[in-house]
Amino acid sequence: MSWETVIGLEVHVQLSTNTKLFSGASTTFGAEPNTNVDLIDLGLPGVLPVANREAFHKAIRFGLATNAKINQVSMFDRKNYFYPDLPKGYQITQMEKPIVGKGSIMINVDGVEKLINITRAHLEEDAGKSIHDLFDGETGVDLNRAGTPLLEIVSEPEIASAKEAVAYFKAIHQLVTFLDICDGNMAQGSMRCDVNVSIKKEADDVLGTRAEIKNINSFKFIERAINFEVTRQIKILEKGKTVVQETRLYDSVNNETRSMRSKEAANDYRYFPEPDLLPVVISDKELEDIRNTLPELPKQKEIRFIAEHKLEESEAKILASSKAMANLFEDATSKTKDSNLIAKWLVGDVSALLNKDNISIEESKLSSDNFATLIERISDKTISGKIAKSVLEDIWDSGKDVDDIIKDKGLVQIQDESILENVAKKIIENNPDQVEAYKGGKEKLFGFFVGQVMKETQGKANPQSVNEILKKLLA
Amino acid sequence: MLKAKEISNKELIQETFDLIESNSHLNAFVTLNKENALNKAKAIDNKASDLSLSGIPIAQKDLFVTKNLRTTCGSNMLSNFIPPYSATVIENLENAGCISVGKTNMDEFAMGSSNETSFYGNVQNPWGENLVPGGSSGGSAAAVAAGIVPAATGTDTGGSIRQPASLCGITGIKPTYGRISRWGMIAFASSLDQAGPMARTAEDCAIMMNEMCSHDLKDTTSLNKEIPDFTKNLNTPIKGLKIGIVKEFDLSTLDNEVVKIFEESKKHYESLGVEFVEVSLPNINLSVPTYYVVAPAECSSNLSRFDGVKFGKRCKNPKDLEDLYIRSRSEGFGEEVKRRILIGSYVLSAGFYDAYYKKAQQVRRLIKNDFDNAFSKVDLIMTPTTRGSAFEAGSMNDPIQMYLEDLFTVPANLAGLPGISIPSGYVDNKPLGVQLIGNSLQESQLLNVAHCFQTSSDWHLRTPSSEIR
Amino acid sequence: MDKETVATISYLSRLAFDKDNEDKITKDLENIIKFVDQLESIDTSNIDPLTSPLEQTAKTRVDEVTAKNRKEKFLQNAPDANEDYFLVPRVVE
């Protein structure tokens, strides 16, 4: 029998506002516990929430970028449950009238594009953090994160595999960072997702019973958790048993999902309209202003790069794929003219290093200034391409300044032709057999002479000059 | 109020505390602010202040949070709660020069109509030894009625200012929803709660209103509308004013004496040139059941923050988190509060939401529409404030019977309209009020009509001591 | 309204009642629900629920930090806390 996997994702994107959704407390990451907490975040008796308009603007940017319907009148609801890091005993969220309605996003799996529909995206407040393993017999509660604005993006159950799920999550990640509405920092929990997985027979129209895997915060874990869950559910179904609808937790250490407290299932959130907050109305003009100031998105960047810099489509695609990469490219083009050289380095060596270490540009030690200088030194012939490669590797490890590396290691390219000529003459003298063979018609040996000169000059010779000199001497 | 300065501010405040002491049997106060109050009075004596209410002693309902002064909301849950901030109402009054002498007793979390649900004991109505003062602002009403303070703050979710005002023989107004900031008011039912003043006269209520109202950016449900000088229009003739009498309220079920007082005050208004017309509010008799869905629903959620984690009471030696929650809340809340939380959870729970909560909010709109229609025909609506005068403590044991006490007061809360209770007569030496309900934002008119009534009658001037002592 | 329903909503509300009170609470709730069942009598189809009597729209806030650190005071007010965290009995996930 053939099984079909159906996946829906709820992605929680932490919006990069200065303050919380309902209070004037800072959202800075990494502050001392319980210092970014206002009266409102603590849920003290008598306090009232006041919505942060910027959070709405950021949510709208996402909506516009996914061709979604923007609900210009949106409302908040309360979701009631008890947990120590939920100070009010309810979470303020948008159930009935979310700010962003139906939209869609394109994903790309191994070169094949697929449009995934987005059901809705709504604003809600984050909970605080419970720390279970720091104190003997007690759980510590830190409310710094409580009240941070989240945009919860809910997909239609249209994702068919773990790979597609990762591609979808990556597409959202790319979009929210381009839109500058989220810092995209997964390690700090700026993006997390809940994954709904169900299995059905291929021929069935009705979806199978789903399990929800909560709170996954890395591309790798999404893939692993889904793969585990799919296998688990198929095993159950093949035994003729039924999957239980429940909430599960992904354990990355043992690479498995397991059932959370069964009481979760008994929860009834008793949603109702938040009486402390009136409907928030976005005016036509406000919406237009946001539309007109929407940052350039990957596809638009790609088209512009091709037009402005005469790049290959494949190059432009890679350069436009992440905001940091595009910034690196544009910063460098503003300093040196040779955009093809810049593109070549980014698509080639820089991308290779990123892949090797499996990191993003933000996580690397390569700054945009340093990269632009590196390109400048190649085009002004201070260093050769070969030397540049080793300089880049040096930067990658140490983060040092390009000019310092060149100076400290004496890597400046030898431009003086008389020096190069002397070296070439010496090489020709020391290799009479090769000279004879070359002159006898073995032209491939020319490369040998170039190589020897480069070796002798530790790569610092300008390859073009070497070519010319050797041609003259061997004629 | 204190206009003629014959004694020093400090003497006045000291006298207030002496009165609190000599009236301690009323149990009107939960917490006193003696040292601060006396210091503030002394400071004014040393350096004269031209603030409008400089040196006036005020009693604050213990539902308003007061910075560094214990705020219990009538509950064991908050028996040790020292707030780190003050309510906007408290700040407004204190900035106007008022001296908060203490926090008044109240039904627990404002849930009750007799002040019998307070963790800190019953409040005695100054008009009779075993009589309830009404609720939930029972302590404030008793403190004003006994002449301890010239005015007090109250809050009104379903009648909690007007009902005790009626039962204690004082004037109390619940303004339009949103007129006074809810910041720092411990929430019972957010869409119904509204603060207001309680005082002997409508004029004093107007003076208080001038200071209590403000545009508050911290409360987004506070109104953006201009705040008038509420004292300015007092004494405007009311000749030609049209007052509606609600056709659907069957007064024949009430005590003869109550009906008599209502009819007599009608005559009094007629003598001032007012015309009475019958208006129909077809859904008005569904107000109490509507209220007892909406208010508990909001309360069940609002009171979830009292969980023993960040502030307030925590049970002793919780064995795990669930035990902590359940015992802290079960020990911290009284019976009536628990009852309402349960009703609220029930009407919001899956499968019942549409039949109860949503239904009630729909009926609520019908009730509001009824008022809108009525106010296209009349300026004000007049009803009794309460079904009767003060009853004996312990005499009302059936919750529903108690809920029906709110029959005449809850409609104004559901529709967000202003309402005032005016002392209008006595039944067996017990005071009784009559209620006027105004259209949205028409507090000035309500206060003026009440003031005109009071300048031509003396019900509001009678005090328990002049009557019974 | 039966005891099982009362048990469910009691749990949702994190409240508990001893045996003596259970019967009384069940009876009270039953009466109250019966009382509010009057609402059934009226046709409300196509009527918009009124969730706030103030039919206006929300005022919002600009995105500027206004709060100050009050950690010490907040933790002091807590029933159980150490110098950094509010504390509750260990939660097992």
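Between which helix and which strand of chain B is the loop that holds Asn235(B) found? In this predicted model, Asn235(B) is found in the loop that runs between helix H6 (202-212) and strand E7 (242-246) of chain B.

## Backbone features in loops of chain B

The phi angle of Asn235(B) is near 80°, a positive value in a residue other than glycine. Asn235(B) is also exposed, because its relative accessible area of 53% is over the 50% that marks exposure. A second residue with a positive phi is Leu441(B), where the angle is about 70° although the residue is not a glycine. Leu441(B) is found in the loop between strand E11 (430-438) and helix H14 (443-454) of chain B, and at 26% relative accessibility it counts as partly exposed.

Most residues other than glycine have a negative phi, and most peptide bonds are trans. Against that background, the peptide bond from Gly135(B) to Ser136(B) is cis, with omega near 5°. Ser136(B) is found in the loop between strand E3 (99-104) and helix H4 (138-145) of chain B.

## The surroundings of Gln163(B)

Gln163(B) lies in helix H5 of chain B, which covers residues 162-168. Is Gln163(B) buried or exposed? With a relative accessible area of 1%, Gln163(B) is buried, because buried means under 20%. Not counting residues up to four places away in sequence, Gln163(B) touches Ser113(B), Gly134(B), Gly135(B), Thr385(B), Thr386(B) and Glu405(B). One of these partners, Gly135(B), takes part in the cis peptide bond to Ser136(B), and another, Ser113(B), is listed among the residues closest to the centre of the second largest cavity.

## Cavities

Rolling a probe the size of a water molecule over the atoms shows where empty space is left. The structure holds 6 cavities of 30 Å³ or more, and about 170 Å³ of space lies in the largest of them. This largest cavity is lined by 23 residues, of which Ile40(A), Asp41(A), Lys88(A), Ile92(A) and Glu125(A) are the closest to its centre. Two elements of chain A, helix H1 (39-42) and strand E4 (90-93), give two or more residues each to the lining of the largest cavity, and the largest share, 3 residues, comes from E4(A). By class, the residues of this lining divide into 12 nonpolar, 3 polar and 8 charged.

The second largest cavity holds about 80 Å³ of space. Of the 14 residues that line it, the closest to its centre are Gly112(B), Ser113(B), Ser160(B), Tyr291(B) and Asp406(B). The lining of the second largest cavity has 5 nonpolar, 7 polar and 2 charged residues.

## Nonpolar cores

The largest nonpolar core contains 141 residues, and the members that touch the most other members are Phe109(B), Tyr269(B), Phe371(B), Ile381(B) and Leu447(B). Which residues is Leu447(B) in contact with, leaving aside its neighbours within four places in sequence? The contacts of Leu447(B) beyond those neighbours are Ile173(B), Ala202(B), Cys205(B), Ala206(B), Met209(B), Phe230(B), Leu234(B) and Ile420(B).

A second, separate core of 71 residues includes Phe56(A), Val197(A), Leu277(A) and Leu54(C), and the residues named here thus come from chain A and chain C.

## Chain A: a loop residue and an annotated span

Ala160(A) lies in the loop between strand E9 (149-155) and helix H3 (162-178) of chain A, and at 37% relative accessibility it counts as partly exposed. Although Ala160(A) and Thr5(A) are 155 residues apart along the chain, their C-alpha atoms are separated by 5.4 Å. Leaving out residues up to four places away in sequence, Ala160(A) touches Thr5(A), Ile7(A) and Lys114(A).

An unreviewed UniProt entry places the feature "domain: Asn/Gln amidotransferase" at residues 327-474 of chain A. In the model, this span is 72% helix and 0% strand, and its end C-alpha atoms lie 46 Å apart.

## A loop residue of chain C

The place of Glu40(C) is in the loop between helix H2 (19-36) and helix H3 (71-77) of chain C. At 59% relative accessibility, Glu40(C) counts as exposed. The C-alpha atoms of Glu40(C) and Asp28(C), which are 12 residues apart along the chain, are separated by 20 Å.

Terms used
Residues numbered from 1 in each chain as written. Chains lettered and ligands numbered in written order. Predicted model: local features only at pLDDT ≥ 70, side-chain atom pairs only at ≥ 80, totals over all residues. Heavy atoms only, no water. 1 Å grid on protein atoms, 1.4 Å probe; cavity = no way out; pocket = protein on both sides within 12 Å on 5 of 7 lines; lining within 4 Å. Points joined across faces, edges and corners; volume = space filled by probe spheres on them. Helix = DSSP H or I, 4+ residues; strand = E, 2+ residues; numbered from the N terminus. Nonpolar A, V, L, I, M, F, W, Y, C, P; charged D, E, K, R; others polar. Core = buried A, V, L, I, M, F, W, Y, C linked by side-chain atoms within 4.5 Å. Buried < 20%, exposed > 50% of the residue type's maximum accessible area, 1.4 Å probe, protein only. Contact = heavy atoms within 4.5 Å. UniProt positions renumbered as here; feature names shortened; annotations may be inferred.
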